[in-house]
Amino acid sequence: MFAIYKKELRSYFLNAIGYVYVGVFLAISALLCCYTTIGSQTYDTANYFTYIIFSFIVLIPLLTMRLFAEEKKLRTEQLLLTAPVSIWGMVIGKFLAAFTLFLSTVLVSCINFFPLYAYANAEGLNDAYADAVGPVGVGIISSTLGIICIGMAFIAIGMFVSSLTENQLAAAIITVTIIVTMLLLNLVNEYIENYVIRFIIDWVCFVSRFAPFSAGQFDPSALLYYVSITGVFLLLTVRVYDKRRWG
Amino acid sequence: MKLKASTGRKLKYGGTSVAITALIIAAVIIFNVVFSLLTQRFRWYIDLTPDLHFTISDECYELIEEGDAEDDGDSPIEMLDKFRAENKAYNEENGLSEGDEGYRDEDVKVTILFCQDEDKLDDNETMNYVYQNAEELRAKFPEYIATEYTDSIKNPSRFQKYLSSNTETIAQDSVIIECGTEYRIRTLRSFFVFVNDEAYGYNGEKAFASSILAVTRSEAPLACYTINHGERITAVDSDGNYIYGMLQVLEDAGYKHMPIDLSTQDIPEECRILITFDPRSDFTTSNDGTGAESEIDKIDAFLEDRNSFMVFMSPDTFSSSEFKELENLEELLADWGLAIRQQGEDVYRVRDAASSLLGDSSAIVANYATNELMIPWTESMTANRSSAPMVVFEDAAAVYYSPSYNIVSQAAVDEDEDGTIDIPAYTYGYNPGFQNRRVFDAFTSSSSATAWANDREMASATSNQPFRLMAVSVAENYGQELYTTTDDSNFVMLCGSVEFMNTKYITSNVYGNSDFMLSAIQKMGNEPVPVGLDFKKFANYEIESVTNEDATQYTIVLTLVPVIVALCAGVFVIVRRKNR
């Protein structure tokens with residue numbers, strides 16, 4: 001598994017895709033952070049975290065579209081299937097490689113909060129700004145954890161889709177469609193009269209589950225949901241390859 | 001023994017595999033659903049807001065569970081237990097069981113009823129605070145407090161009983177707190193504190209606590225305010241918002257309120273407090289020859305029934321060229337030792353440049369009176385603060401004791417004889433004709449205040465004789481019931497400033513105007529109100545020192561630098577790899 005993890009992680013940086021992903025993610029996160037915080041003259045980061053989730057629509061498929069689709073296209077998946085590694089090991093190795101790149105980029109993007117703390121420090125020392133509270137550190141940490149879990153779930157979904165097709169573009173498009181659906185599902189609630197159906201949709205929709213984080217409330221059931229989605233799609237990916245190996 | 005290949009294949013990719021996968025996914029879904037429900041039921045959330053807006057304080061829980069330490073009455077929980085016991089005894093006595101006509105609910109609870117479906121509440125940022133607090137209360141007292149979510153548009157019949165007895169329509173963002181036949185309807189706005197029409201803080205704890213206290217009382221407290229004398233209690237500004245916070249303070253105190261035209265209506269029996277707010281014309285007396293019971297007679301009878309009366313006046317009350325005096329009302333006040341003017345003089349406007357807000361000598365920061373009546377009224381205002389909050393009287397008139405009352409000087413009191421003065425020396429008014437009536441200062445000016453009339457300075461305050469800004473007259477009615485002594489005192493309060501109740505003072509936590517009024521209502525109406533629960537100010541997230549140039553610079557640097565570094569690294573690695 002570790003060998004597959006290393007190979008996959010290295011492959012991101014042996015061609016342009018890793019650098020493009022890192023560059024685009026950091027640029028988008030910096031733009032969004034500056035627009036929603038310093039540009040709007042507020043320390044409140046709720047809008048930033050909500051908007052960054054929507055950037056995953058484009059960024060996550062970039063990471064996941066080639067994970068299995070390329071292996072199929074290049075006919076190297078037979079090597080993987082006959083390698084002395086379990087299917088779970090193979091899937092998790094690839095998943096962890098994508099997740100490592102995603103996680104490290106998210107953590108690096110946290111430098112965008114430094115100017116907020118610099119201003120908070122400066123204003124804190126100035127009696128004229130005694131009223132300001134600065135950025136809420138605990139809120140930033142919990143929201144960051146939330147978007148990491150959402151990203152993790154989307155990577156698992158993207159990886160599953162990639163395992164179903166050998167065409168990277170098709171994998172990307174289908175992943176985008178699924179992510180958009182999972183994010184914007186609650187928009188239909190406005191037209192639904194039945195409370196039970198609306199409740200189910202809200203329960204499934206990623207943005208609805210993230211809303212408490214934006215409001216300043218840590219919801220452990222939302223984190224469990226994202227982790228569960230990750231686990232389910234990893235399981236489905238393993239099942240797809242199990243069928244291929246033994247079929 | 002080796003597994004047969006066919007069995008292994010079935011397990012790996014056959015129907016068995018699909019079934020196992022489906023089972024696992026179903027188990028994950030069920031686990032998630034159960035965990036979500038448990039999280040919601042037991043409130044396994046963590047409040048990350050700076051001022052814990054989603055969290056109910058221990059003081060509030062204590063108030064609901066154990067009651068107010070200053071009030072001898074039962075707490076809401078104790079009252080609910082009493083109601084249940086009474087209902088159970090009634091049902092047993094009458095042989096009634098559930099479903100029978102006349103059966104009384106033996107599991108009576110306080111219900112917090114929202115007028116929308118539950119899923120729509122957390123979509124709305126402001127409603128979400130109220131929703132979360134209601135769920136916190138329900139989780140803390142699951143056997144005594146229930147929450148209910150019903151769309152008032154889809155299910156109007158559920159709300160019929162509130163509409164038939166309430167002249168206002170119930171907005172979908174209203175919250176109804178109900179217990180048995182008692183209920184209070186709270187607008188969304190009443191859960192927040194506003195400054196300049198912007199939400200300044202969240203006041204949900206106090207709103208819920210006062211409503212729960214109110215609906216679990218055995219009788220409904222009512223306050224009436226007089227109309228048809230030019231009163232301005234319901235005056236609104238150009239945006240349609242109330243200028244004065246009198247009605248909001250009454251709602252915060254858990255009171256119902258209603259207007260009353262004393263010329264045509266009688267004061268309801270359940271009314272505890274009558275308020276006259278800035279009357280511009282006089283009240284009728286029996287001397288007016290109408291034959292019917294006069295307005296003053298009704299107020300007299302109301303006071304004789306041991307109820308209380310609040311009067312708000314200011315120099316501007318008498319600014320009309322037609323009404324320089326409110327003779328009948330002033331005569332009633334004089335019976336209670338209160339006067340808005342010295343005999344034969346104009347109403348004096350008090351100014352105090354040395355003790356006022358921001359140099360505006362008409363917005364006076366008053367001194368708290370320290371006499372035996374007022375100390376209990378104001379001590380709860382300082383319970384959780386390092387110093388007493390400012391109480392502001394804007395455009396105030398000087399208040400006097402009426403000439404029929406004798407001034408009595410009371411020496412300082414050391415109650416426990418430990419050498420520490422517990423109650424400083426003070427003066428009060430004493431009526432030789434009504435032996436149980438005394439009048440006390442509530443708030444006074446500083447010794448640097450001056451009194452003005454017709455743009456001329458008429459008098460100056462001294463340290464021994466500051467100007468009174470508010471005074472309270474009490475009729476002490478001690479009774480004896482079996483082996484306990486009851487205090488059934490009633491009060492008449494005269495406030496020399498109408499602007500004392502301006503929303504800019506009432507809705508601000510900086511000033512003590514609202515806290516004092518809540519305490520006054522508690523004492524005057526014998527109602528428990530949650531004076532000690534503070535609102536939670538919304539955090540100010542504004543970055544005040546950032547400029548557009550700074551924002552642009554940061555945007556450029558943070559956007560371009562990481563991109564350039566990433567791209568350069570990529571180019572370097574790829575070119576190097578190609579050249580190997």
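**Exercise 1.** With which residue does Arg198(A) form a salt bridge, and how far apart are the closest N and O atoms?

*Solution.* We work here with a predicted model. As a start, recall that a salt bridge asks for a side-chain nitrogen of Lys or Arg within 4 Å of a carboxyl oxygen of Asp or Glu. The partner of Arg198(A) is Asp119(B), and the closest N and O atoms of this pair lie 2.6 Å apart. As a last step, place the pair in its setting: the rule finds three salt bridges across the interface of chain A and chain B, and the count of residue pairs in polar contact between these chains is 17, with both residues at pLDDT 80 or more.

**Exercise 2.** Which element of chain A gives the most residues to the side that touches chain B, and how do the residues of that side divide by character?

*Solution.* Begin with the elements that each supply at least two residues to this side of chain A, among them helix 1 (2-14), helix 8 (137-164) and helix 12 (220-246). Helix 12 of chain A gives the most, with 12 residues. Sorting the residues of the side by character then yields 32 nonpolar, 15 polar and 11 charged.

**Exercise 3.** How much area is buried between chain A and chain B, and which residues of chain A lose the most?

*Solution.* The buried area is about 5,100 Å², of which carbon and sulfur atoms give 66%. In chain A, the residues that lose the most area to chain B are Tyr19(A), Tyr119(A) and Gln217(A), which together make up 13% of what that side buries. Gln217(A) also has a bridge partner, Asp47(B), in strand 1 of chain B.

Terms used: Residues are numbered from 1 along each chain as its sequence is written. Chains are lettered from A and ligands numbered from 1 in the order in which they are written. This is a predicted model: local features need pLDDT of at least 70, side-chain atom pairs count only at pLDDT 80 or more; totals for chains, interfaces and linings use all residues. Side-chain values use heavy atoms; hydrogens and water are left out. Buried area is the accessible area (1.4 Å probe) that two parts lose on being put together, summed over both. A polar contact is a pair of N or O atoms within 3.5 Å; within protein, one must be able to donate a hydrogen and the other to accept it, and residues adjacent in sequence count only if both atoms are side-chain atoms. Helices (H or I, at least four residues) and strands (E, at least two) are DSSP runs, numbered from the N terminus. Ala, Val, Leu, Ile, Met, Phe, Trp, Tyr, Cys and Pro count as nonpolar, Asp, Glu, Lys and Arg as charged, and the others, Gly among them, as polar. Two strands pair if DSSP finds at least two bridges between them.
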